[in-house]
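Colleague: Could you take one part of this model and walk me through it closely, from the backbone pairing to the side chains? I would like a connected account rather than a list.

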Amino acid sequence: MFYPRVISPWSGRSTLQWQDVSGRGEVYSTTVVRRRQEKGGDYNVALIQLEEGPRMLSRVEGIAPERVRIGMAVRARIATVGGRLNVVFDPQGEIHGA
């Protein structure tokens with residue numbers, strides 16, 4: 001389950017264990033947040049379906065925000081965003097479209 005928890009929201013048990021994930025996934029949903037250039041410019045917010053099942057809210061970097069597409073293969077990496085460590089995603093494979 002994502003986000004990490006101490007107790008299962010379904011059973012109430014505290015026997016949860018950490019599980020490694022591959023970092024691979026695909027874009028389930030995406031939108032472009034518009035900002036003035038002096039405030040950092042436009043960026044995307046994407047819901048990523050991880051290969052192992054959970055979905056997580058993040059963003060896809062390395063391409064223009066409007067080029068992020070539903071179904072696009074992505075891979076996670078840790079990046080510093082605004083002085084904080086975050087999980088972001090990079091496109092994988094060939095990118096088609098606008």
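**Strand 2 and its surroundings**

Modeller: In the hairpin formed by strand 2 and strand 3, where 4 residues lie between the strands, glycine 53 adopts a positive phi near 125°. This is a predicted model, and I will take strand 2 as the part to follow. Strand 2, residues 43-50, belongs to an open sheet of 5 strands in the order 3-2-1-4-5, paired in the antiparallel sense. Strand 3 (55-58) and strand 5 (84-91) are at the edges and have a single partner strand each, so one side of each lacks a neighbour in the sheet. On average, and with direction ignored, neighbouring strands of this sheet are turned by 35° against each other.

On one side, strand 2 runs antiparallel to strand 1, to which 8 bridges join it, and within this pairing valine 32 has asparagine 44 of strand 2 as its bridge partner. On the other side, strand 2 pairs with strand 3 over 4 bridges, again antiparallel, and here alanine 46 is matched with serine 58 of strand 3. Further along the sheet, strand 1 (residues 24-33) and strand 4 (residues 73-81) are antiparallel and share 3 bridges, glycine 25 having valine 74 of strand 4 as its bridge partner.

In a regular strand the side chains alternate between the two faces of the sheet. Strand 2 shows such an alternation: Asn44, Ala46, Ile48 and Leu50 point to one face and are buried, whereas Tyr43, Val45, Leu47 and Gln49 point to the other and are not buried.

The largest nonpolar core has 11 residues, including Ala46, Ile48 and Leu50 as well as Val27, Met56, Val74 and Phe89; strand 2 gives the most to this core, with 3 residues. Isoleucine 48 illustrates the surroundings: setting aside neighbours within four places in sequence, isoleucine 48 is in contact with Gly25, Glu26, Val27, Tyr28, Pro54, Arg55, Met56, Val60, Val74 and Phe89.

Serine 58, the bridge partner of alanine 46, deserves a closer look of its own. Its relative accessibility is 11%, and since buried means under 20%, serine 58 counts as buried. The side chain of serine 58 reaches the backbone oxygen of valine 87 at 2.6 Å. When residues up to four places away in sequence are not counted, serine 58 touches Asn44, Val45 and Ala46, and also Val87, Val88 and Phe89.

Terms used
Residues are numbered from 1 along each chain as its sequence is written. This is a predicted model: local features need pLDDT of at least 70, side-chain atom pairs count only at pLDDT 80 or more; totals for chains, interfaces and linings use all residues. Side-chain values use heavy atoms; hydrogens and water are left out. Two strands pair if DSSP finds at least two bridges between them. Helices (H or I, at least four residues) and strands (E, at least two) are DSSP runs, numbered from the N terminus. Axes are lines fitted to C-alpha atoms, for helices over the stretch in contact, and angles run from 0 to 180 degrees between N-to-C directions. Buried means under 20% relative accessible area, exposed over 50%, partly exposed in between (1.4 Å probe, protein chains only). A polar contact is a pair of N or O atoms within 3.5 Å; within protein, one must be able to donate a hydrogen and the other to accept it, and residues adjacent in sequence count only if both atoms are side-chain atoms. Contact means heavy atoms within 4.5 Å. A nonpolar core is a set of buried Ala, Val, Leu, Ile, Met, Phe, Trp, Tyr and Cys residues joined through side-chain atoms within 4.5 Å.
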